Amino acid sequence: MSYYQDSFAEDHLPTIELQAEYPFVNLEQFQFPEILNCVDYLLDKHIREGRGNTPCLRTFNEVWTYQDLFNKANQIAQLLQHDLEFIPGNRVLIRSANNPMMVACWFGVLKAGGIVVSTMPLLRAKELQTIVECAQISHVLCHADLAEEMQLVKSKYIKQLKYFGNADFDIHTSRFSTTNNNYPTHSNAVALIGFTSGTTGLPKMTAHYHKDILTICEAFPVYSLQPTAADIFTGSPPIGFTFGLGGLVLFPMYFGASTFLIEKPSPDILLQAIQDYQITICFTAPTAWRVITTKVAEYNISSLRKCVSAGETLPLKVWQDWYDATGLKIIDGIGATEMLHIFISSNEDNMKPGATGKAVIGYEAKIVDEMGNELPRNTPGRLAVRGITGCKYIDREDKQREYVQNGWNLTGDIFKQDEEDYFWFVARGDDMIISSGYNIAAIEVESVLLQHEAILECAVIGLPDEERGMLVCAYIVLKNASFASERLKNEIQHWFKQNAAPYKYPRVIHFVNELPKTETGKIQRFKLK
């Protein structure tokens, strides 16, 4: 059965047999109508229920109400339907920094019956070309400030390309009505396609349904944040990254709250926004929390009540330093593009410092060996998860069979689970260093190094070595680069062996000015390798 006239996404989904099991029943908060456009719950209901004048999207320069967003999204939907040769099921690429018009485009595409493919602003033409070809993108909505790279993309699939953020687009869309009927999509119709941040080969496309968009709003935020309509969210992750989409758009709007969007969110700008606009919930990456901690005394952040970290594991030292400085507990979490958002986390009343947390509402998790057998507690193994969302790779049966096994999603992470059901991160499956027969988790070495008074940031990888198999290699950013020397390397190595198992010490150290990172702040260890 096809839900769209353009059935590309549906035709290339994995079969039901290749998808993870959904074991839960009778969970009312995850039950939605069969005919479902998720925009109705996220945006339209606020208009119907008389909250149109409530602030929705805030920036340093403007405030959009729910009515403003509703009006603009309807006009964009009609622009697609009437002027841009659009048919339901078309994939629409959105390219923009975090701003209100990007959010309006996101909702407009879904209102018209399209499938959203949001991208990171820093992607270059070659990367955009790959996305366009893989997803057979038919329409592009790109912010005018990012036109240069987009103009270099040439594809037979693109039928229409429109630039927004300028007067021409505003004039064009203003001709349309501010009311429009949402396309009657099915709850199991694809709403968005997310591209994973894999390091080799073709990128993987993972699909999520309209019901998935809503079910995650009843999971992590309910478990960890307890949001209300009075909350103001902010953060650094791009909306093109599902971590940012949830934290900055879906979660605040599902609960009738507002979000403060920052196009270039440096630590100082984040802190300034929290102080000046009374932000209550902030999402960012561990690397950002580390830097923010060093600056927080300069700002009044008394409005902040929830701090969320994801993208990579949160070192205990970063958690402790922030708590010591502010009295606030950072909520760690692990999610995946394949799963849409966070599935293991904690809350302030249910937290062990250093642990990622427990499976949140709607999910269950366990630790398994290579054969899928559950391992004893406190034994490192592969993390397996299943629940309200699951991996659905488009047109990649080989990768689907790797990610989903025996009805469970295998994330590629090595964790252990303690007797109280808390999950503790050990390593990425490909970040385990095996040296002279010892299994050494790169993240564990990094956590020790970050306690050294001279070290600002670090990343650890394994280097091939004939004698030991692999050597532990650390790339280190110093707080004061002028101190870099062979003597300091030796001092760090000696200090490490005094503070952790000697076999784990970094035998190779490189001092660098900065570490390669993704736009979301995740360290790109593969580039160091």
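1. A useful place to start is the pairing of F233, which stands opposite I281 in β11. This pair belongs to the register between strand β9 (residues 232–235) and strand β11 (residues 281–284), which run parallel and are joined by 3 bridges. The coordinates under discussion are those of a predicted model, and the points below should be read with that in mind.

2. The wider setting of β9 and β11 is an open sheet of 9 strands, in which the order is β2-β1-β10-β9-β11-β12-β13-β14-β15 and the pairing is mixed. At its edges stand β2 (63–65) and β15 (358–359), and because each has a single partner strand, one side of each is left without a neighbour in the sheet.

3. At the β2 end of the description, helix α3 deserves attention, since several of its contacts can be followed. Helix α3 lies across β1 (55–58) and β2, and its direction runs at about 80° to β2.

4. Helix α3 (residues 66–83) also packs with helix α4 (residues 100–111), their axes being 7 Å apart and the angle between them about 55°. Angles that are neither under 35 degrees, nor over 145, nor from 65 to 115 count as oblique, and α3 and α4 are therefore oblique to each other. The crossing of these two helices, α3 and α4, is right-handed.

5. The residues that build this contact can be listed from both sides: α3 contributes L69, F70, K72, A73, N74, I76, A77, L80 and Q81, which meet M101, V103, A104, C105, F107, G108, V109 and K111 in α4. Sorted by class, the contact of α3 with α4 has 12 nonpolar, 3 polar and 2 charged residues.

6. A further partner of α3 is helix α7 (residues 167–174); the axes of α3 and α7 come within 9 Å and cross at roughly 85°, which makes α3 roughly perpendicular to α7. On the α3 side the contact is made by K72, Q75, I76, L79 and D83, and on the α7 side by F169, H172, T173 and S174. By class, the contact of α3 with α7 has 3 nonpolar, 4 polar and 2 charged residues. A reader tracing individual side chains may note that K72 and I76 appear in the contact with α4 and also in the contact with α7.

7. Elsewhere in the chain, strand β7 (residues 190–195) is mostly covered, with 6 of its 6 residues buried. Strand β7 is joined by 5 bridges to strand β8 (residues 205–209), and the two run antiparallel. Within this pairing, L192 of β7 stands opposite H208 in β8.

8. Another open sheet, this one of 3 strands, has the order β23-β24-β25 with mixed pairing. Its edge strands are β23 (455–465) and β25 (508–511), each of which pairs on one side only, and the twist from one strand to the next averages 25°. Strand β24 (residues 469–478) is joined to β25 by 4 bridges, the two strands running parallel, and the bridge partner of C473 in β25 is V508.

9. Two helices pack on this sheet of 3 strands. Helix α15 (residues 442–449) touches β23 and β24, and its direction makes about 145° with that of β23. Helix α16 (residues 486–499) touches β23, β24 and β25, and its direction makes about 130° with that of β25.

Notes: Residues are numbered from 1 along each chain as its sequence is written. This is a predicted model: local features need pLDDT of at least 70, side-chain atom pairs count only at pLDDT 80 or more; totals for chains, interfaces and linings use all residues. Side-chain values use heavy atoms; hydrogens and water are left out. Buried means under 20% relative accessible area, exposed over 50%, partly exposed in between (1.4 Å probe, protein chains only). Two strands pair if DSSP finds at least two bridges between them. Axes are lines fitted to C-alpha atoms, for helices over the stretch in contact, and angles run from 0 to 180 degrees between N-to-C directions. A crossing is left-handed if the near helix is turned anticlockwise from the far one by less than a right angle, and right-handed if clockwise. Contact means heavy atoms within 4.5 Å. Ala, Val, Leu, Ile, Met, Phe, Trp, Tyr, Cys and Pro count as nonpolar, Asp, Glu, Lys and Arg as charged, and the others, Gly among them, as polar.
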